[in-house]
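Thanks for asking me to look this one over. My notes follow as numbered points, and I hope they help as you browse the model.

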Amino acid sequence: MATHRLTVPQTLLDGEYELIKDGSSEANTDMEKSGHGAGPDARNIKAVVGSYNGTSSTRQSGAVLTGMYGQFRNPEQPRDSLLDGMRKGDGMSEPKPARMLTPPGSDVEFRCTVMLSKDTDGTSTVPVCAWGDDNTAAYVAFLTPASDAQDPDSVDLEDIAQKTLKIREEVRQPID
């Protein structure tokens with residue numbers, strides 16, 4: 001039986017990011033049409049998608065939460081499926097393999113990577129970390145404008161994993 005669900009709160013990271021679009025309804029419709037990608041042992045799956053803009057200290061940035069919740073016998077499968085979906089997005093590339101990280105205080109391991117997103121504005125650096133547990137799987141992608149793009153090698157994935165852990169604590173809620 002599932003004990004946790006994912007939510008799309010109005011803010012993330014104590015107000016650093018504000019919700020601009022909750023795309024969960026559309027994501028659930030798409031998932032029903034195409035299958036959920038969580039694997040054959042997954043049950044009662046629901047999708048969540050939230051797009052966020054940065055506030056004061058992160059004004060020109062954003063964050064995207066993409067995930068699913070339900071019952072997962074193999075939590076790595078939905079986590080990896082979500083990351084694969086991002087990798088296959090238009091203009092996306094992954095210059096280096098993902099790393100497994102367990103931030104201090106975490107009970108799960110995160111798969112973290114830096115992707116590059118190429119569009120008409122240029123190429124942006126997109127750090128991303130994903131988790132999978134018995135009931136929830138998601139990734140958080142941190143977006144910055146192409147003008148602020150970092151060298152992928154200079155991205156502090158430990159810091160990104162710590163931020164993702166904090167977001168996981170904000171969005172993962174017990175089922176009443």
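1. A word on terms before we begin: helices here are DSSP runs of H or I with at least four residues, strands are E runs of at least two, and both are numbered from the N terminus. With that in hand, Pro 78 can be placed in helix H2, which covers residues 76-87. Please keep in mind throughout that this is a predicted model.

2. Let me start with the overall fold. The chain has three helices and eleven strands, and along the sequence they come in the order β-β-β-α-β-β-α-β-β-β-β-β-α-β. The radius of gyration is 15 Å, close to the 16 Å that the globule rule gives for 176 residues, so the chain is as compact as a globular protein of that length. Along the principal axes, the C-alpha atoms fill a box of roughly 45 × 35 × 30 Å.

3. How much of the chain is buried, and how far apart in sequence are the residues that touch? Buried residues make up 48% of the 176. Among contacts with a separation of 6 or more, 63% join residues 24 or more positions apart.

4. Next, the surface and the charges. About 9000 Å² of the chain is exposed, with carbon and sulfur atoms supplying 46% of that area. There are 18 positive and 28 negative side chains, and the centres of these two sets lie 4 Å apart.

5. Helix H1 (residues 24-34) is a nice one to turn around on your screen. Its buried residues are Ser 24, Ala 27, Asn 28 and Met 31. They span an arc of only 100 degrees around the axis, so they sit on the same side of H1. What does this buried set pack against? Its partners are strand S3 (17-22) and strand S4 (43-54). On the face turned away from the buried side, H1 carries the exposed residues Ser 25, Lys 33 and Ser 34.

6. Back to Pro 78 in H2: is this residue buried or exposed? Its relative accessibility is 0%, and because buried means under 20%, Pro 78 counts as buried. Leaving out neighbours within four places in sequence, Pro 78 is in contact with Gly 37, Ala 38, Met 68, Phe 72 and Ala 137. Take a look at Ala 137 in particular: it is 59 residues from Pro 78 along the chain, yet their C-alpha atoms are separated by 6.1 Å.

7. Two backbone angles deserve a glance. Most residues other than glycine have a negative phi. Leu 13, although not a glycine, has a positive phi of about 50 degrees; this residue is in the loop between strand S2 (11-12) and S3. Asn 44, also not a glycine, has a positive phi of about 55 degrees and lies in strand S4. As for their surroundings, Leu 13 is buried, with a relative accessible area of 5%, whereas Asn 44 counts as exposed at 60% relative accessibility.

8. Finally, Ser 117, which is found in strand S8 (residues 110-119). Which residues does Ser 117 touch, beyond those up to four places away in sequence? They are Gly 91, Met 92, Gly 122, Thr 123, Ser 124 and Val 126. With a relative accessibility of 17%, Ser 117 falls under the 20% limit and therefore counts as buried.

Conventions:
Residues numbered from 1 in each chain as written. Predicted model: local features only at pLDDT ≥ 70, side-chain atom pairs only at ≥ 80, totals over all residues. Heavy atoms only, no water. Rg over C-alpha atoms; globule rule 2.2 N^0.38 Å. Buried < 20%, exposed > 50% of the residue type's maximum accessible area, 1.4 Å probe, protein only. Contact = heavy atoms within 4.5 Å. Areas by Shrake-Rupley, 256 points an atom, 1.4 Å probe, with all protein chains shown as cover. Lys, Arg positive; Asp, Glu negative; His and termini not counted. Charge placed at Lys NZ, Arg CZ, Asp CG, Glu CD. Arc of directions from axis to C-beta.
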